[in-house]
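Please look over the model shown here and describe what can be said about a few backbone features, the cysteines and the surroundings of the two ligands.

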Amino acid sequence: MRTYLVTGGAGFIGSNYIHYMFRKYGDEIRIINVDALTYAGNLENLKEVAERSNYTFIKADITDKEAITKIFSENEIDRVVHFAAESHVDRSIKNPEVFVKTNVLGTAVMLNCARESWELPDGSYKEDKKFLHVSTDEVYGSLEDDGTYFYETTPYAPHSPYSASKASSDMLVKAYIDTYHFPANITNCSNNYGPYQFPEKLIPLIINNALLGKKLPVYGDGKNVRDWLYVDDHAKGIDMVQEMGRLGETYNIGGHNEKQNIEIITIILDTLLEMLPEDDARRAHISRDLITYVEDRKGHDRRYAIAPDKIKAEIGWEPETMFKEGIKKTIAWFFEHEEWMKNVTSGDYQNYYKEMYHGK
Ligand code: NAD
Ligand code: TDX
């Protein structure tokens, strides 16, 4: 039975990945989820799998070398899937240091512990060991509105402290591949959306605010473009790259679904009205009047767009969920999980929101 060590599995993409993997492989695999449970980590995301005999949760910080070494020494790990990171650009602008600590130092610790556990005295590796580093398209910088795309060969040009820290972590993985022939892949993915996404990110924030009749904050002119991918499609891509990708290679994963932020917001408003029952009182306040233009994000990247040609040609992965369908599934999930939203937006979230949006 193959054993996976998943880092950051209590966050948005990590928890969706764990659900995906158990749906796909059932009892054929074992998953150990290591997560420090920062503000973004939530064990409620995993309550359906918590009792499985082939699932274990360990609360640990990936920068804690001793704790990570212990996990490798007590378990025969076959796959590492490394999600754990500080992931929100706006937070990185306010507090960059924790991004360097978790994203760069944490990745170094994960790489080093895996290498120490997997490397044989002659410099080769135990059979069938693989490390997948989950990264972002933001490392490539910003595109103009000119129909160009990010490719695996696009030079790195990160702008925010978040993307600079992710770029550094990618460089470390590449250094391990080149220096130690370390058995790793990197995936650089576009913006994800779907169940369990923390409402500091655009889509869940807009859904939550619209349902509460709160203003919908749009940065700058609202015409920045992101390439949205439904999170299950990402989870599938990660698994396919790890099992079918060429070791040492980077694969871009993207939705082929570019939209301006303002388009996303109007689609969400229209879909909410389409889906809410006729007698639901919240319909009365859901309108475009809630859209509020606010100060732009510092260093705001204009456009991200991925051409997922390599992953399609080599591995056969393609995005499967059309945005119209994905956003309906996402909104339906939020309707069914009002308690989840209430829980994650109580406490610290209120302070974050007040500071970030000046009480608007
Ligand atoms: P998230 O913020 O929702 O989750 C991050 C998880 O990592 C949380 O569970 C948190 O508790 C955990 N974590 C943070 N610091 C830790 C530490 N020091 N030790 C152990 N655990 C720690 O993030 P996400 O949106 O699920 O993103 C997951 C990964 O995917 C990240 O590496 C991110 O850069 C990458 N990514 C995200 C997107 C996106 O659209 N969200 C797109 C492309 C790539
Ligand atoms: O209130 C808002 N208003 C607004 O206009 C928020 C939260 C965002 N925005 C804009 C900024 C971006 O142009 O919406 C766009 C999307 O913003 P985020 O959801 O914060 O995502 P982004 O900055 O694009 O980064 C995301 O995708 C790549 C993830 O957070 C990263 O972890 C991932 O690497």
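Asp128 lies in the loop between helix 4 (96-118) and strand 5, where helices (H or I, at least four residues) and strands (E, at least two) are DSSP runs numbered from the N terminus. Asp128 has a positive phi of about 60 degrees although it is not a glycine. Most residues other than glycine have a negative phi. At 41% relative accessibility, Asp128 is partly exposed; here buried means under 20% relative accessible area, exposed over 50%, and partly exposed in between, with a 1.4 Å probe and protein chains only.

This is a predicted model, in which local features need pLDDT of at least 70 and side-chain atom pairs count only at pLDDT 80 or more, while totals for chains, interfaces and linings use all residues. Residues are numbered from 1 along each chain as its sequence is written, chains are lettered from A and ligands numbered from 1 in the order in which they are written, and side-chain values use heavy atoms, with hydrogens and water left out.

A positive phi is also found at Leu37, a residue other than glycine, with a value near 55 degrees. Leu37 sits in the loop between strand 2 (29-35) and strand 3 (55-59), and its relative accessible area of 26% makes it partly exposed.

Asn75 belongs to the loop between helix 2 (65-74) and strand 4 (79-82) and is buried, at a relative accessible area of 15%. Its side chain reaches the backbone oxygen of Ile71 at 2.9 Å, a polar contact (a pair of N or O atoms within 3.5 Å; within protein, one must be able to donate a hydrogen and the other to accept it, and residues adjacent in sequence count only if both atoms are side-chain atoms). When neighbours within four places in sequence are left aside, Asn75 is in contact (heavy atoms within 4.5 Å) with Arg30 and Ile32.

How many disulfides are there, if a disulfide is a pair of cysteine sulfur atoms within 2.5 Å? The count comes to zero. Cys113 is buried at 2% relative accessibility, and Cys189 is buried at 3%.

Turning to the ligands, 28 residues surround ligand 1, with Ile13, Asp35, Ser87, Tyr162 and Lys166 the closest; a residue is counted if one of its heavy atoms lies within 4 Å. Around ligand 2 there are 20 residues, of which Glu138, Tyr162, Arg297, His300 and Tyr357 come nearest. Polar contacts of the two ligands include the following.

| Ligand atom | Protein partner | Distance |
|---|---|---|
| Ligand 1, nitrogen | Ala36, backbone | 3.1 Å |
| Ligand 1, oxygen | Phe83, backbone | 2.8 Å |
| Ligand 1, nitrogen | Thr102, side chain | 3.3 Å |
| Ligand 2, oxygen | Ser87, backbone | 2.8 Å |
| Ligand 2, oxygen | Tyr162, side chain | 2.5 Å |
| Ligand 2, oxygen | Tyr219, backbone | 2.9 Å |

The protein covers 95% of the 650 Å² of accessible area that ligand 2 has on its own, where areas come from the Shrake-Rupley method with a 1.4 Å probe and, for residues, only the protein chains shown count as cover. Strand 8 (residues 216-219) gives the most to the shell around ligand 2, with three residues. In the shell around ligand 1, strand 5 gives the most, also with three residues.

How values were computed: A disulfide is a pair of cysteine sulfur atoms within 2.5 Å.
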